[in-house]
Structures are given as C-alpha cells and as structure tokens.
Amino acid sequence: MKQYIDSAVEQFRTLLEEQIARQQRMEKESGATDFNSLDKIVIGICGGDGIGPIISKESERLLRFILKDEVANGRVELRNIEGLTIENRIEKNKAIPDDVLAEIKACNVILKGPTTTLKGGTLESANVAMRRELDLYANVRPVQVPDENIDWIFFRENTEGEYVLGSRGVEIPDTLAFDFKVTTNAGTERIARKAFEYARANGKTNVAIVTKANIMKKTDGKFSEIAHKVALEYPEIEVEEWYIDIMTANLVNEQIRSKFQVVLLPNLYGDIITDEAAQIQGGVGTAGSANMGDKYAMFEAIHGSAPRMIEQGIGDYANPTSIFKAVEMMLRHIGMSDKAEKLAKALSICTETEKKVIVTGDKDGATCAEFGDYVMKTLEKLV
Ligand code: NAD
C-alpha cells in the first residue's frame, strides 16, 4: 500500500505544478483574434467518427454554397483535415495525433464532426484534448423556444473542472479510485467575463451563476466567488446564483424558466444541463455548440457520433441540423453575421414553419443529403 501512496503523492505534486503553470500562462494571455484583419480565414473541417463524416460532408457542401464568392476570391479557404478518427487515435495512442494537431493549429477555426470517446482506458477524449490544446475555454450554447419565450445562452467553462485531469486520476487496485477537479482564478475570470460581456453587448439583463458550492466548497466556491467579483464590473446586470440540482429542475419548470437569459457554469454542470436544454428545444439534434478561445474557435454539433446508426446501416439518415446550427455560429464568429442570419432564417423555415423535408434519424425520414439540398434551396429563395 505504501508504494501506491508514495506514487500518488508524487503524481499529485506533478499535477499541482502543471496546473499552477497553466494558471500562470492564462494570466499572461492577450486578446481575441480580429477576423477582419486577417488576409485569409482558414476553416478546417474534421469529419470525426460514426455519423461524423456524413454530417460534416453535408456541412462542407453548405459552407461551399454560402461562401461561394469568398472561397473563389481567396478570402476563405476550406481545408479538410483527415485523421481525427478513433482508429487513428488508437493506433497513435494519442487523443489528437501530432500531425493532425499541427494541421488543426494551421487553421483559424475548426468545424468538427463528433468523435467517439472510449469508456475506460487511458485514451483521452479528442474534444477535451482539443479544448485544452487550442485553449477553447468557452463553450457557448444558445437554446431558443420562441413559442415559450425561451431564449437562453449557456456559457460553460470548457477547460477545467473535472475534465482537465479526467484521465489522470489515481487508482489503488481493489481499494479506491480518486479523480481531481481543478478551478483556477484566471480560468474562471475569463469565462465569467465572456458571459458578462455577451450579456452587456446583447442587451441581456440577467446572468445566472450555477454551481454546487455548498458541497464542492473549494472549487465551486472559487468559481462562485470569482464570478461574483467579475459581476461587480457589470452593475446594470442582475446576478443570481443557483445550485445545479435546482437549476436542472428550473429548466423544466414552465412557471419560471423563461426568465433565465445568460447562464454561467463550470464544466461538468454545463455539459449536462446544456443537453437538457437542447432537449427542451426539440432534441440534441437541434442545437449547435461553439468552443471559443482567444486565438482559435471550434464549432460542432451538440450530439455524439451515434455509432448505433452506423451499425444499423442508417448513417445516411442522420440529422445535420445541429452541425448546421454550428455552421451558423461559426459564420457569426468570423464576422459574417449577415450570412449567419440568412442561414438561421433558412433553418427556421426548414425545421419550424415549412417542414417540407423531415429527418427522423431513420429510414422513414429524409436523408442527411436531402435535408442539405432543402436548406440550400431555401437559402437560394431568401433575398
Ligand atoms: P449520441 O449523441 O451519439 O447518441 C444519442 C442518441 O441520439 C442515439 O440514439 C443516436 O442515434 C441519436 N443521435 C445522435 N445524433 C443524431 C443525429 N444527428 N441524427 C439522428 N439521431 C442522432 O450519444 P452517445 O451514444 O452517448 O455517444 C456516442 C459516442 O459519441 C460516444 O463515444 C461519446 O463519447 C461520443 N460523443 C461525442 C461528442 C462530441 O464529439 N462532441 C459529444 C457527445 C458524445
């Protein structure tokens, strides 16, 4: 037993030193990329696993359609990045193989298909690794249900909490297992600022901070304390704090849920509650997700790689709406809000009002490509 304890204590020292160094790097960071100042915007497209390549191919087709002129005149380059597949990641035993990561880092923004994460083992999630490697600290997920007056936007901290050391816990065989959760001052401050800046810039009047600070006293306690400190710089915005358990209930409480506007959360709670919110909007297929840092940003569908759809031979019937929403968020991020608005309008027509082509995720519905055609035809009709 002593040898396990000694080895764990040694490991903890290494982890502590690494995390302190990360906090110090964050403190020195500079501002965000100004896309208008770039000669060329490079959009990298990673297919991913399972239904990923199918929905990614469709979103590339959509992007080429929307950005026809910009691609032709060299303002935008769409670049396919191979190798972010579970087979390649297992072979190289790396969450993101080095050559793939280098290609990703040569782009400005990434559109990513879902990637499979193995249960157990030591191979880290490609998503967690990408968020860390590109320092994509803000996971931003909007959810809207206009009929119910729901207009939420979630700012989930994306690089810390339970995820940053998720594959580096300690285990003493047949005895116990230990994982680590990390919250830093700089990591919390930058996500809080992003949420409050968004609220201020978009006329939002309320930010809800969500933690479990009554139980996770150190980590969530720090998140709460720093978020409140940042809030003082935004006196026009009303701030409230909820514990994650009751907030989960609030979202299904029709009496009060429409009052929430901007929600700020640590990593794990944000991961869980945004799927709940997406379900309220109409399913995980209906929401896009943005992972933003200061230099890079990655956009993806909110759902996973749906391996069962591939096993059942119905991959072509996958719904691309979620990744199309991610395309919309990406266009907005790179300064093409007019194109994003147009796509949002087309998606609303296709999925809410006209609904001429319906994807069900099975053979009784339209294929992913048929829905892509429908969206592009709808876009063509919009002035
Ligand atoms: P999942 O989202 O892949 O599937 C959940 C359910 O939704 C399944 O019934 C699936 O068939 C359905 N579904 C998902 N996307 C769909 C689409 N576009 N059209 C129609 N139906 C769709 O979740 P899971 O089964 O928990 O995870 C599968 C794999 O995906 C796991 O390895 C997981 O780690 C990974 N995952 C990746 C990401 C990501 O890359 N961002 C996110 C979540 C899960």
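At what angle do the axes of helix H7 and helix H8 cross, and within what distance do they come? Keep that question in mind as you begin the tour, and remember throughout that what you have open is a predicted model.

**First stop: H7 and H8**

Select residues 185-201, which form helix H7, and then add residues 219-231, which form helix H8; the two axes come within 9 Å and cross at roughly 45°. That angle makes H7 oblique to H8, because an angle counts as roughly parallel when it is under 35 degrees and as roughly perpendicular from 65 to 115. If you turn the view so that one helix lies in front of the other, you can follow the crossing, in which H7 passes H8 in a right-handed sense.

**Second stop: H2 and its two partners**

Now clear the selection and choose residues 52-66, helix H2, together with residues 368-381, helix H14, which pack at an angle of about 15° with their axes 10 Å apart. With that angle, H2 is roughly parallel to H14, and their crossing is right-handed.

Keep H2 selected, and replace H14 with helix H12, residues 321-333. Here the axes of H2 and H12 are 10 Å apart, and the angle between the helices is about 40°. H2 and H12 are therefore oblique to each other, while the crossing of this pair is, once again, right-handed.

**Third stop: the ligand and its surroundings**

Next, select the ligand and display the residues around it, of which there are 17; those that come nearest are Thr 115, Asn 127, Gly 304, Ala 306 and Asn 319. What classes of residue make up this shell around the ligand? If you colour the shell by class, you should find six nonpolar, nine polar and two charged residues.

**Last stop: polar contacts of the ligand**

Zoom in on Lys 112, where a polar side-chain atom lies 3.2 Å from an oxygen atom of the ligand. Move on to Glu 300, which places a polar side-chain atom 3.0 Å from a nitrogen atom of the ligand. Then look at Ser 305, where it is a polar backbone atom that lies 3.0 Å from an oxygen atom of the ligand. To finish, show the surface of the ligand: taken alone, the ligand exposes 810 Å², and the protein buries 65% of that area.

Notes:
Residues numbered from 1 in each chain as written. Predicted model: local features only at pLDDT ≥ 70, side-chain atom pairs only at ≥ 80, totals over all residues. Heavy atoms only, no water. Near = heavy atom within 4 Å. Polar contact = N/O pair within 3.5 Å; in protein donor to acceptor, adjacent residues only side chain to side chain. Areas by Shrake-Rupley, 256 points an atom, 1.4 Å probe, with all protein chains shown as cover. Nonpolar A, V, L, I, M, F, W, Y, C, P; charged D, E, K, R; others polar. Axes fitted to C-alpha atoms, helices over the stretch in contact; angles between N-to-C directions. Helix = DSSP H or I, 4+ residues; strand = E, 2+ residues; numbered from the N terminus. Parallel < 35°, antiparallel > 145°, perpendicular 65-115°, else oblique. Left-handed = near helix turned anticlockwise from the far one by under 90°.
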